[in-house]
Amino acid sequence: MASSLRGEVLNLYKNLLYLGREYPKGADYFRSRLKAAFLKNKDVKDPEKIKQLIARGEFVIKELEALYFLRKYRALKQRYYSDN
């Protein structure tokens with residue numbers, strides 16, 4: 001794996017690990033699933049396939065951020081607006 005792709009993969013892993021701290025099912029659950037996903041693809045050597053996997057990881061980051069923003073929005077809405 002080229003060193004630039006290695007850096008991107010490590011950065012992706014760090015970002016996902018950071019975002020996983022607030023995962024609804026718990027940080028330990030997220031960390032174990034994240035590790036399993038990265039270990040499953042550890043033998044991939046093709047740079048194009050690695051780029052595709054990085055793109056998929058970035059998509060997951062966007063989905064997690066959307067999940068967290070939605071949860072925050074719902075909590076604020078529940079605080080300030082009653083259902084009556």
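1. Let me start with Asp28 and Arg31, which form a salt bridge in this predicted model. Their closest N and O atoms are 2.8 Å apart. Both residues sit in helix H2, and because they are three residues apart there, about one helical turn separates them. As for solvent, Asp28 is exposed, with a relative accessible area of 56%, while Arg31 is partly exposed at 40%.

2. How many salt bridges does a search of the whole structure find? The count is two, and the other pair deserves a look as well. The side chains of Glu22 and Arg71 meet with an N to O distance of 3.7 Å. This pair links distant parts of the chain: Glu22 belongs to the loop between helix H1 (3-19) and H2, Arg71 belongs to helix H3, and their positions lie 49 residues apart in sequence. The 3.7 Å distance qualifies because the cut-off for a salt bridge is 4 Å.

3. Are the partners of that second bridge buried, partly exposed or exposed? Glu22 counts as partly exposed, at 44% relative accessibility. Arg71 is partly exposed too, with a relative accessible area of 40%.

4. Next, please turn to the loop between helix H2 (27-40) and helix H3 (47-80), where you will find Val44. Setting aside residues up to four places away in sequence, Val44 touches Lys49, Ile50 and Leu53. Pro24 makes a useful reference point for Val44: the two are 20 residues apart in sequence, and their C-alpha atoms are 30 Å apart in space.

5. On the surface, which residues make the nonpolar patch of about 400 Å²? They are Leu76, Tyr80 and Tyr81. Tyr81 is found in the segment after H3. With a relative accessible area of 59%, Tyr81 is exposed, because the threshold for that class is over 50%.

6. Finally, a word on the annotation. The UniProt record, an unreviewed entry, carries "domain: Complex 1 LYR protein" over residues 8-61. In the model, the chain over residues 8-61 is 76% helix and 0% strand. The C-alpha atoms at the two ends of this stretch are 14 Å apart. If you would like to follow these points on screen, Asp28 with Arg31 and Glu22 with Arg71 are good pairs to display, along with the patch of Leu76, Tyr80 and Tyr81.

Definitions and conventions
Residues are numbered from 1 along each chain as its sequence is written. This is a predicted model: local features need pLDDT of at least 70, side-chain atom pairs count only at pLDDT 80 or more; totals for chains, interfaces and linings use all residues. Side-chain values use heavy atoms; hydrogens and water are left out. Helices (H or I, at least four residues) and strands (E, at least two) are DSSP runs, numbered from the N terminus. Contact means heavy atoms within 4.5 Å. UniProt positions are given in the numbering used here, feature names are shortened, and annotations may be inferred rather than shown by experiment. Patches are made of residues with over 30% relative accessible area and no salt bridge: like charges are joined within 9 Å, nonpolar side chains (Val, Leu, Ile, Met, Phe, Trp, Tyr) within 5 Å. Accessible areas come from the Shrake-Rupley method with a 1.4 Å probe; for residues, only the protein chains shown count as cover. Buried means under 20% relative accessible area, exposed over 50%, partly exposed in between (1.4 Å probe, protein chains only).
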